[in-house]
Amino acid sequence: MTAATESQTAAKPHLPDAQTVTAVTHWTDRLFSFRVTRPQSLRFRSGEFVMIGLLGDNGKPLLRAYSIASPAWDEELEFYSIKVPDGPLTSRLQHIKVGDEIILRPKPVGTLVHDALLPGKRIWFLSTGTGFAPFASLLREPETYAKYDQVIMMHTCREVAELEYGRQLVESLRDDPLIGEMVGDKLHYYPTTTREPFHHTGRVTDNLSSGKVFADLGLPPMNPDKDRAMVCGSLAFNVDVKTILEGFGLVEGANSDPRQFVVEKAFVGDGI
Ligand code: FAD
Ligand code: A2P
């Protein structure tokens with residue numbers, strides 16, 4: 001090694017499993033998204049999550065689970081993140097800039113994958129908050145439209161501004177050169193708010209239980225022969241949605257045992 005390369009290495013030490021940030025967008029004071037380079041060897045199924053992070057003050061990696069928000073075919077990786085003011089990782093991650101490096105462990109896993117569901121006619125994506133992230137991947141995945149006649153994206157947040165990342169992503173789908181034609185009129189987008197007026201309001205759970213979402217979209221109530229669902233939100237949300245789906249006769253599945261719906265936590269809450 002020459003003196004010149006030695007000093008370059010010393011000036012910019014490489015993180016283990018480092019990837020470079022290529023874009024950052026701040027959506028609200030609590031939400032941002034970013035894109036990073038993709039390790040050449042990384043293969044994943046749309047809907048899976050990986051561990052990402054930064055080096056902690058003690059020099060050890062500080063890692064957290066993150067859904068990959070980009071589809072499996074994308075050359076880069078996208079993530080959609082909360083900013084927890086005193087969160088060990090996100091209090092720092094929210095300040096990343098283009099050209100910075102993050103750590104990404106290339107071991108994708110997760111239950112929100114097409115392989116974990118039996119074939120059906122309609123797929124329901126049910127989410128709150130950053131639980132939208134795995135569906136940002138699956139909504140851009142050609143397999144979603146190849147496998148289902150109808151795709152229903154329900155996303156609920158407290159306020160309208162928190163829906164904006166999802167709204168722009170959905171809006172861009174029909175003009176997407178790769179999947180625009182496949183999306184056609186299959187996609188029903190049903191965003192709602194719970195603490196600010198909007199054209200549709202109310203919790204996912206209430207809109208399913210009351211039948212309002214079926215009436216608004218002109219769809220029949222869920223039934224286990226035709227409907228499939230993927231669920232991603234807080235633990236309380238996941239538990240409540242699971243009860244409702246089971247009430248419609250759907251059964252929870254897993255990678256090793258495909259059934260009618262699958263669930264994943266969007267985050268691990270305080271004290272859980
Ligand atoms: P932490 O110490 O991890 O969390 C502190 C507290 O903040 C938590 O106890 C909880 O009350 C709250 N919190 C953490 N994450 C969230 C969140 N996403 N929404 C609302 N409140 C939260 N986070 C993302 O932002 N995007 C993702 O795509 C994502 N995917 C995940 C996938 C899985 C399978 C799991 C288990 C978690 C995922 N998370 C995701 C949460 C993520 O792992 C971290 O918890 C989050 O980045 C905050 O890290 P932190 O170190 O700043 O705070
Ligand atoms: P609400 O405003 O009625 O509590 P949070 O920001 O607390 O993570 O919540 C995100 C969204 O999820 C909010 O719109 C919230 O509605 C909704 N929500 C929270 N808990 C549940 C639950 N158990 N079932 C359905 N929706 C929920």
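**Figure 1. Salt bridges in the predicted model.** The structure, a predicted model, holds 16 salt bridges. One of these salt bridges joins Arg35 to Glu76, with 2.9 Å between the closest N and O atoms. This pair connects distant parts of the chain: Arg35 belongs to strand E2, residues 31-37, and Glu76 to strand E5, at a separation of 41 residues.

**Figure 2. The shell of residues around ligand 1.** Ligand 1 is surrounded by 21 residues, of which the closest are Ala65, Tyr66, Tyr80, Thr90 and Thr130. Divided by class, this shell comprises 12 nonpolar, 6 polar and 3 charged residues. Two strands, E4 (61-67) and E5 (76-82), each contribute at least two residues to the shell around ligand 1. Strand E4 gives the most, with 4 residues. Strand E5 is also the element that contains Glu76, the salt-bridge partner of Arg35.

**Figure 3. Polar contacts and cover of ligand 1.** The side chain of Tyr66 places an N or O atom 2.7 Å from an oxygen atom of ligand 1. At Ser67 the contact is made by the backbone, where an N or O atom lies 3.2 Å from an oxygen atom of the ligand. The backbone of Ala266 likewise provides an N or O atom, in this case 3.0 Å from a nitrogen atom of ligand 1. On its own, ligand 1 has 860 Å² of accessible area, and the protein covers 83% of that area. The site occupied by ligand 1 is the largest pocket.

**Figure 4. The shell of residues around ligand 2.** The residues surrounding ligand 2 are Thr128, Thr156, Cys157, Arg158, Thr194, Arg195, Arg203, Thr205, Ala236, Phe237 and Asp240. By class, the shell around ligand 2 consists of 3 nonpolar, 4 polar and 4 charged residues. Among the residues of the shell are the arginines Arg158, Arg195 and Arg203, together with the aspartate Asp240. Ligand 2 takes up the space of the largest pocket. Strand E8 (150-157) and helix H9 (235-247) are the elements that give two or more residues to the shell around this ligand. Helix H9 gives the most, with 3 residues.

**Figure 5. Polar contacts and cover of ligand 2.** Two contacts in this view involve an oxygen atom of ligand 2: a polar side-chain atom of Arg158 lies 2.9 Å from such an atom, and a polar backbone atom of Cys157 is 3.5 Å from one. A nitrogen atom of ligand 2 is 2.9 Å from an N or O atom in the side chain of Asp240. Of the 550 Å² of accessible area that ligand 2 has on its own, the protein covers 80%.

How values were computed
Residues numbered from 1 in each chain as written. Chains lettered and ligands numbered in written order. Predicted model: local features only at pLDDT ≥ 70, side-chain atom pairs only at ≥ 80, totals over all residues. Heavy atoms only, no water. Near = heavy atom within 4 Å. Polar contact = N/O pair within 3.5 Å; in protein donor to acceptor, adjacent residues only side chain to side chain. Areas by Shrake-Rupley, 256 points an atom, 1.4 Å probe, with all protein chains shown as cover. 1 Å grid on protein atoms, 1.4 Å probe; cavity = no way out; pocket = protein on both sides within 12 Å on 5 of 7 lines; lining within 4 Å. Sits in = over half its atoms within 2 Å of the grid points. Nonpolar A, V, L, I, M, F, W, Y, C, P; charged D, E, K, R; others polar. Salt bridge = Lys/Arg side-chain N within 4 Å of Asp/Glu carboxyl O.
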